[in-house]
Amino acid sequence: MLYVIAYDITSDARRQKVLNLLRSFGVSTQLSIVECELDTVQLAQLRKRLRALLNPRRDRVSIYPLCARCSQSLERVGARMADSLARL
């Protein structure tokens with residue numbers, strides 16, 4: 001299943017660790033958004049590793065599942081993903 005993951009991390013060091021973790025599971029599509037194609041085992045592993053990195057009082061990660069039908073109708077407007085990623 002495709003997941004869109006958005007994060008808001010207060011610490012620069014923690015933010016980089018979270019970004020590196022998320023990129024190991026998927027691809028950055030915006031500054032604080034990563035898209036990941038995950039099965040249930042991978043999702044559980046990602047959640048566990050995120051919990052170990054986050055400060056639960058200050059940081060937030062939101063995981064949005066997209067069903068197959070929704071992910072097929074995903075629409076992007078503006079710069080192509082490759083163009084956007086080149087600027088990150």
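**Notes on the predicted model: core, sheet, helices and cysteines**

1. Starting with the core: the largest nonpolar one in this predicted model has 16 residues. Those making the most contacts inside this core are Y7, V18, L22, L38, L46 and L50. Four elements each put in at least two residues, namely β1 (2-8), α1 (12-25), β3 (33-37) and α2 (40-53). The largest share, five residues, is from α1.

2. L38 deserves a look of its own, being on that list of core residues with the most contacts. Leaving aside residues up to four places away in sequence, L38 touches M1, Y3, F25, L43 and L46.

3. Next, the overall layout. The protein chain has four helices and four strands, and reading along the sequence gives the pattern β-α-β-β-α-β-α-α. Among contacts in the protein chain with a separation of 6 or more, 72% link residues 24 or more positions apart.

4. The four strands make an open sheet, ordered β2-β3-β1-β4, and the pairing is antiparallel. Which strands stand at the edges? They are β2 (26-30) and β4 (60-66); each has a single partner strand, so one side of each is left without a neighbour in the sheet. From one strand to the next, the twist averages 25 degrees.

5. Going through the strand pairs in turn, β2 and β3 run antiparallel and are joined by four bridges. β1 and β3 also pair in the antiparallel sense, over five bridges. For β1 with β4, again antiparallel, the count is seven bridges.

6. If you want residues to click on while checking the register, try C36 in β3. G26 stands opposite C36, and C36 is also the bridge partner of Y3. Over at β4, S62 stands opposite A6.

7. How is β1 covered? Five of its seven residues are buried, so I'd go along with calling β1 mostly covered. β1 also supplies at least two residues of the largest nonpolar core. Within the sheet, β1 pairs with β3 over five bridges and with β4 over seven.

8. On the helices: α1 lies across β1, β2 and β3, and runs at about 120 degrees to β2. α2 packs on the sheet too, touching β1, β3 and β4. The direction of α2 makes about 170 degrees with that of β4. Both α1 and α2 are among the elements that each supply at least two residues of the core.

9. Now the cysteines. How many disulfides does the structure hold? Zero. The pair to look at is C70 and C67: the cysteine sulfur closest to that of C70 is in C67, at 3.1 Å, which is too far for a bond. The cut-off that matters here is 2.5 Å between the sulfur atoms.

10. Is C36 buried or exposed? C36 counts as buried, because its relative accessibility is 0%. C70, by contrast, is partly exposed, with a relative accessible area of 40%.

11. Last, some whole-chain numbers to keep alongside the local points. The protein chain has 88 residues, of which 28% count as buried. Its accessible surface comes to about 6200 Å², and carbon and sulfur atoms account for 50% of that.

Conventions: Residues numbered from 1 in each chain as written. Predicted model: local features only at pLDDT ≥ 70, side-chain atom pairs only at ≥ 80, totals over all residues. Heavy atoms only, no water. Core = buried A, V, L, I, M, F, W, Y, C linked by side-chain atoms within 4.5 Å. Buried < 20%, exposed > 50% of the residue type's maximum accessible area, 1.4 Å probe, protein only. Contact = heavy atoms within 4.5 Å. Pairing = 2+ DSSP bridges. Axes fitted to C-alpha atoms, helices over the stretch in contact; angles between N-to-C directions. Areas by Shrake-Rupley, 256 points an atom, 1.4 Å probe, with all protein chains shown as cover.
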